[in-house]
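Here is a short tour to read with the sequence and the 3D view open side by side. Take it section by section and click along as you go.

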Amino acid sequence: TTAISFARPGQLLRPDQSDWEAAEAWLRALATRTPPASPHTLANYRREIHRVRWYCEHFGRPSLRHWGIEDATEYLTFLREQAGKWVSTRRQGEGTTPFRSPPSTTSIANTQRVLHALFSFWQKARYIDAHPFVGIGSGGRALRTVEPHRRAVPPSILTLVLQTMSEAPRSRDQNYLALARDRFLLRLLDLTGAREQEVAAADMADIEPVFHAPSGRMYWSFVIRHGKGGKARRVPVPPQLLAEFQAYRTAFGLPPTPERGETLPLLLSTRTDAAVNAHGDARERRYLGQWKGIRRRATVWDIVKARFRAAATYLREQGRRDEAAFLEAASPHWMRHSTATNLLRQGVAPRVAAEIMGHADLRTIMGYSHAEFLAIVEELEEKGYFGEPSTTQNDSD
């Protein structure tokens, strides 16, 4: 006889599904909602599901649908206290784990949010009766243990990276192409605050002009169509970034600015796409602009990290060990911190900076400066809280 499982009234998921099939159903629902979850968000959720699956299977823990509060608490405790012992530097093969480094406080808070959302969906779909995270919470916004501006790439360091790139020997045409592309990429990350996955998902035509009728001027913008949480935004493109963009396109044999109907990815590989023109050789494909595109966030990461490592090697050879160590630790996401920090230091209003960065909460951008504290001080100063200002000055200041 064959056992037949019947769904309960209102149940949206089949009871014969495994937890991991039910998790995939949740991800598909997120991908098809309006607006859909971004590819980055889905990848983040899938990574968390992969981690908890490894945990359950490796340690023989109960199926997720049978988890209670104690099981959820034990998993969070494992992440805080034990996961660091299971770090694997390899990405595939026997004995590998889903942990590349010990989970940070922010990472664990992210895990809690994702699993809270997963169990909420399952409960609404009548896949489970009890929500194991209901008494623990969704994790909220993790408190930063380090001020974000301390993980930003200062302008002086970025200038040094660009200089090192320009002075590196270039023996092949591909080296010249990579230099033009990578200069644009670093400037793009530094001046727009775009995330790696937002850049990888963009097209050339997403850098487009906007006419300002009152002044009669033409401004350029970067339309980020696949932002975090599925949100889109338009970011100003300053003249120096536009110049890098045009130089990059010219190096690849393209017109300085995108033409109508152009569908090329924003980031191009230095290799051509043989699948587009199988009968032509590489020289013909280069002439026709049949370049492969870069669509993977990991590739954007690798390009930036490689440029940082090369500059770090130069600094170490010059005896500048602290700066070299800083660049070796820096990641592409630090460039995003640089954008926020530089915007506020230039006096840009926090609301405007938050729009550029794509921050939904104004408090996030305020973490990059002392603006919130100074606003409080100014209010107290008007009320005479600090008394009469001192007329004496310290000559050493």
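Which residues does Phe-308 touch, not counting residues up to four places away in sequence? They are Val-153, Val-161, Leu-186, Leu-327, Ala-330, Ser-331 and Met-335, where contact means heavy atoms within 4.5 Å.

## About the model

This is a predicted model, in which local features need pLDDT of at least 70, side-chain atom pairs count only at pLDDT 80 or more, and totals for chains, interfaces and linings use all residues. Residues are numbered from 1 along each chain as its sequence is written, and side-chain values use heavy atoms, with hydrogens and water left out.

## Two nonpolar cores

Phe-308 also belongs to the largest nonpolar core, which has 56 residues. A nonpolar core here is a set of buried Ala, Val, Leu, Ile, Met, Phe, Trp, Tyr and Cys residues joined through side-chain atoms within 4.5 Å; buried means under 20% relative accessible area, exposed over 50%, and partly exposed in between (1.4 Å probe, protein chains only). The members that touch the most others are Phe-184, Leu-186, Phe-222, Tyr-248, Leu-266 and Phe-308.

Helix 6 (residues 173-192) gives the most to this core, with eight residues. Another core lies apart from it, with 35 residues that include Trp-20, Ile-49, Val-52 and Leu-115.

## Helix 6 and its end

Helices (H or I, at least four residues) and strands (E, at least two) are DSSP runs, numbered from the N terminus. The 20 residues of helix 6 should span 28 Å at 1.5 Å a residue, and its end C-alpha atoms are 29 Å apart, which agrees; the expected span is 1.5 Å times one less than the number of residues. After helix 6 comes Gly-193, with a positive phi near 75°.

## Two buried polar residues in helix 4

Asn-110 lies in helix 4 (residues 105-124), and Ser-107 lies in helix 4 as well. Asn-110 counts as buried because its relative accessibility is 17%; Ser-107, at 19%, also counts as buried.

What do they touch, leaving aside neighbours within four places in sequence? For Asn-110 the contacts are Asn-44 and Glu-48, and for Ser-107 they are Glu-48 and Arg-51.

## A three-stranded sheet

Three strands form an open, antiparallel sheet in the order 1-2-3; two strands pair if DSSP finds at least two bridges between them. Strand 1 (207-212) and strand 3 (233-237) each have a single partner strand, so one side of each is left without a neighbour in the sheet.

Strand 2 (residues 217-224) is joined to strand 3 by five bridges. Ser-221 has Pro-236 in strand 3 as its bridge partner.
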